[in-house]
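Reader: Could you walk me through a few features of this protein? I would love to see the reasoning behind each answer.

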Amino acid sequence: MGGLPEYVHVNHRDARLFVVSLLVASGLSLQNAETVALGLVQADLRGVESHGINRLPSYLARIRNGVLDPKAEPTLTQITPVVAQVDGHNGFGFPAAHLAMKTAIEMAKTLGIGMASVKHSNHFGMSAWIVQQAVDAGMMSLVFTNSSPALPAWGGKEKLLGVSPIACGAPGGEGSIPFILDMAPSVAARGKIHKAKRRGEKIPGDWALDAEGRPTNDPDKALDGGVMLPMGGPKGSGLAIMMDVFSGVLSGSAFAGGVTGPYDMSQPGDVGHFLVAIKPDLFMSMDEFKGRMTTLYHRVVSSKKMEGVERIYFPGEIELLTEKKRLAEGIPFVQAEIDALNKEAELLKVGKIGESLRLGCL
């Protein structure tokens, strides 16, 4: 097939069952395991493989090294009628973020807006799955998190700031789709470099610097003492600092380079998050709001195209199309990824993924 890798396609339901079985065997409650599985598999369905189930080996390694508590349950403190804080107690970030957004949504239903800060958490995967949680409840949202050092402050070469995603969303109207924006303040998400390393691929030369401060297309050199590059220079650096202010400084979690990453086995992550839910019909009826969203969608996708562009997409639209395709055809994994996941299954004595599911090349 012209050098293209062979893929194993896995049904999304099988993937979720596999994730749940691994996590329950590792000590998570069934409810928390299902929440983690929802976030990871949704990332794979949307084509965000850097934040999908291939994250499991690093998560499970952190459990085995005693720096991630599988039995931790997030707890909620109501601060004001529209503000709450969740303590993740060094458990998985997914249940903590899910509880925070659920609480923010309930506050917004009654009072128009709800916000929740999360402290002592861990990586919560792809931010878009939490935005989707709000969209499914008919809410607009903001989803912020900080993360372990990967970016320099603009002009520096020291890893100081996280590749912390900025995410937000709003429900769409009839004849349109929801607005879901989920982006890193770097040229590319750090997880994409880990994915390239897993798959033996090169990375574009403008994504990262090596340990000597030189541009590199080698994912190993980028990850071994190198740094990611902020998008737009000082703009990306400023956005990364903003994520640290709202997610780290405000919450009481680690900040200023103090967050421990999901691939680091030395100590708890102490990640912070900041989530907001907003009722869309505060200033007009919901029908009018959705009608305006439909107008915006069609104006964007039907706007005049620059030379060489075949189609203009709304934020989140490419991922929605990918999800539709993968729901029908399965999620593609290379054999090395399947082998790494099944190694975890062997350690935990649960059923393997990908067996009898080989469908050939894409």
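Author: Happy to; what follows is a short set of questions and answers on this predicted model.

Reader: Let's begin with a pocket. Which element gives the largest share of the lining of the second largest pocket?

Author: This pocket has a volume of about 440 Å³. Of its 24 lining residues, Lys 159, Arg 190, His 194, Leu 223 and Tyr 263 are the closest to the centre. Elements that give two or more residues to the lining are α3 (56-64), β6 (149-151), α6 (190-199), α7 (219-223) and β12 (227-228). The largest share, five residues, comes from α6.

Reader: And how many residues of that lining are charged?

Author: The lining divides into three classes, with ten nonpolar residues and six polar ones. The charged residues in the lining number eight.

Reader: Now to strand β13. Which residue of β13 stands opposite Val 143?

Author: Strand β13 covers residues 271-278, and seven of its eight residues are buried. Strand β5 (residues 140-145) runs antiparallel to β13, joined by six bridges. In β13, the residue opposite Val 143 is Leu 275.

Reader: What is the bridge partner of Ile 113 in β13?

Author: Here the strand to look at is β4 (residues 113-121), which runs antiparallel to β13 with seven bridges between them. The partner of Ile 113 in β13 is Ile 278.

Reader: How far apart are the end C-alpha atoms of helix α10, and what should its residues span?

Author: Helix α10 (residues 317-329) has 13 residues. At 1.5 Å a residue they should span 18 Å, and this agrees with the distance between the end C-alpha atoms, which is 18 Å.

Reader: What do the buried residues of α10 pack against, and which residue follows the helix?

Author: The buried residues of α10 are Glu 317, Glu 323 and Arg 326. They pack against α2 (30-45), α9 (286-301) and β14 (331-334). After α10 comes a residue with a positive phi, near 100°, and that residue is Gly 330.

Reader: One last topic, the open sheet of three strands. Which strands stand at its edges, and why is one side of each left without a neighbour?

Author: The strand order is β11-β10-β12, with antiparallel pairing. Two bridges join β10 (residues 208-209) to β11, and Ala 208 has Thr 216 of β11 as its bridge partner. Each edge strand has a single partner strand, so one side of it has no neighbour in the sheet; these edge strands are β11 (215-216) and β12.

Definitions and conventions: Residues are numbered from 1 along each chain as its sequence is written. This is a predicted model: local features need pLDDT of at least 70, side-chain atom pairs count only at pLDDT 80 or more; totals for chains, interfaces and linings use all residues. Side-chain values use heavy atoms; hydrogens and water are left out. On a 1 Å grid over the protein atoms alone, a cavity is a set of points where a 1.4 Å probe fits but cannot get out, and a pocket is an open set with protein on both sides within 12 Å along at least five of seven lines; lining residues have an atom within 4 Å of a point. Grid points are joined across faces, edges and corners, and a volume is the space filled by probe spheres set on the points. Helices (H or I, at least four residues) and strands (E, at least two) are DSSP runs, numbered from the N terminus. Ala, Val, Leu, Ile, Met, Phe, Trp, Tyr, Cys and Pro count as nonpolar, Asp, Glu, Lys and Arg as charged, and the others, Gly among them, as polar. Buried means under 20% relative accessible area, exposed over 50%, partly exposed in between (1.4 Å probe, protein chains only). Two strands pair if DSSP finds at least two bridges between them. The expected span of a helix is 1.5 Å times one less than its number of residues. Contact means heavy atoms within 4.5 Å.
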